[in-house]
Amino acid sequence: MPTLLLLLALPLSAAAEVAQNDEAFSIAKNLPQAKVSDFHGYSRYDLKLNEAGGDLKVVEPRSIGKGRPWIWRARFFGHQPALDLQLLERGWHVVYCDVSNLYGSDEAMDRWDRCHAYFVEAGLSSKPVLEGMSRGGLSIFRWASRNPDKVSAVYGDNPVCDFRTWPAGIMAGKRSEADWKKLLKAWSLTDDQARKHAQVIDGLEPLAKAKVPVALVLGLKDDVVPPAQNGLLLAERYRKLGGPVKVWEKPEAGHHPHGLNPPDELRQFLMKAAGF
């Protein structure tokens, strides 16, 4: 089966589990082949994908929140985890599905389609919050725009919204030659085609029409993924389309460090958007 973890194709015993109350629910019952480890005091489950590569990671809260909410990270699992930890404390699952070298391509979207279907069948909420740092922005905004009815909110942290800035470094930003070559391969584009290709920032209409809240944390001195051509431009366009957006600006910060410190206000925004 191409580009998919084989486990996702297996039947789940989740139908009966969904009927149980939230306190009795455990995602672990649907992950019999997972490797168990610790994530800041919480149970973490790792599954190996098929020969296409990548990983699936799930962190389970000690107490399951009503409605079984989850935040779905697109890149850099475990990096700057303050927000994820606050959500775990409040009963949210943390999920990671590796699409790191797919740059929001169709293959990445296909993997995320199946991953979402898997976790919904396993009993989690049908509308997760998407979380994307840096290149993760390509996946979260493209998938959300394709599936606005399956998302409760989108959080981008210095997100790449136009791959002509990073990794191309054509319009602005810093070029990564290795990543640019990988991106062209993932998207099946030539260099000339990529320069003219529509970007995730150009396809926000379905998301805005659905009024999906967007949260952005931006370092205004980011010279790797310049906010003027990425996060700030996305916020401007999203507002013009009628979409709700909240921006936290960090005037002296660059691309790093990611995250909002402390993350309380961001966490409250996302929980409210998700209805929890």
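## Asn 158 and its backbone

Asn 158 sits in the loop that runs between strand E7 (153-157) and helix H5 (177-187). Keep in mind that this is a predicted model. The phi of Asn 158 is positive, about 45°, even though the residue is not a glycine. Most residues other than glycine have a negative phi.

Is Asn 158 buried or exposed? Its relative accessibility is 3%, and buried means under 20%, so Asn 158 counts as buried.

## Phe 76, another positive phi

Phe 76 is not a glycine either, and its phi is positive at about 60°. You'll find Phe 76 in the loop between strand E4 (70-73) and helix H2 (82-89). Here the relative accessibility is 27%, so Phe 76 counts as partly exposed.

## Two cis prolines in one loop

Now for the stretch between strand E9 (245-250) and H9, a loop that holds Pro 257. The peptide bond from His 256 to Pro 257 is cis, with omega near 0°.

Pro 262 also lies in the loop between E9 and H9. What is the geometry of the peptide bond from Asn 261 to Pro 262? That bond is cis, with omega near -5°. For background, most peptide bonds are trans.

## Arg 267 in helix H9

On to helix H9 (residues 264-273), where Arg 267 is located. Because its relative accessibility is 8%, Arg 267 counts as buried.

Which residues does Arg 267 touch, once its neighbours within four places in sequence are left aside? The contacts are Leu 83, Gln 86, Leu 87 and Arg 90.

## Helix H3 and the glycine after it

Helix H3 covers residues 106-122, which makes 17 residues. From its first C-alpha to its last it reaches 24 Å, close to the 24 Å expected at 1.5 Å a residue.

The buried residues in H3 include Trp 112, Tyr 118 and Phe 119, along with Arg 111 and His 116. Ala 108, Met 109, Cys 115 and Ala 122 are buried in H3 too. Right after H3 comes Gly 123, with a positive phi near 120°.

## Helix H4, mostly covered

How many of the 11 residues of helix H4 (residues 136-146) are buried? The count is 10, so to speak of H4 as mostly covered is fair by the definition of buried as under 20% relative accessible area.

The buried set opens with Gly 136, Gly 137 and Leu 138, then takes in Ser 139, Ile 140 and Phe 141. Arg 142, Trp 143, Ala 144 and Ser 145 are buried as well.

Terms used
Residues numbered from 1 in each chain as written. Predicted model: local features only at pLDDT ≥ 70, side-chain atom pairs only at ≥ 80, totals over all residues. Heavy atoms only, no water. Buried < 20%, exposed > 50% of the residue type's maximum accessible area, 1.4 Å probe, protein only. Helix = DSSP H or I, 4+ residues; strand = E, 2+ residues; numbered from the N terminus. Expected span 1.5 Å × (residues − 1). Contact = heavy atoms within 4.5 Å.
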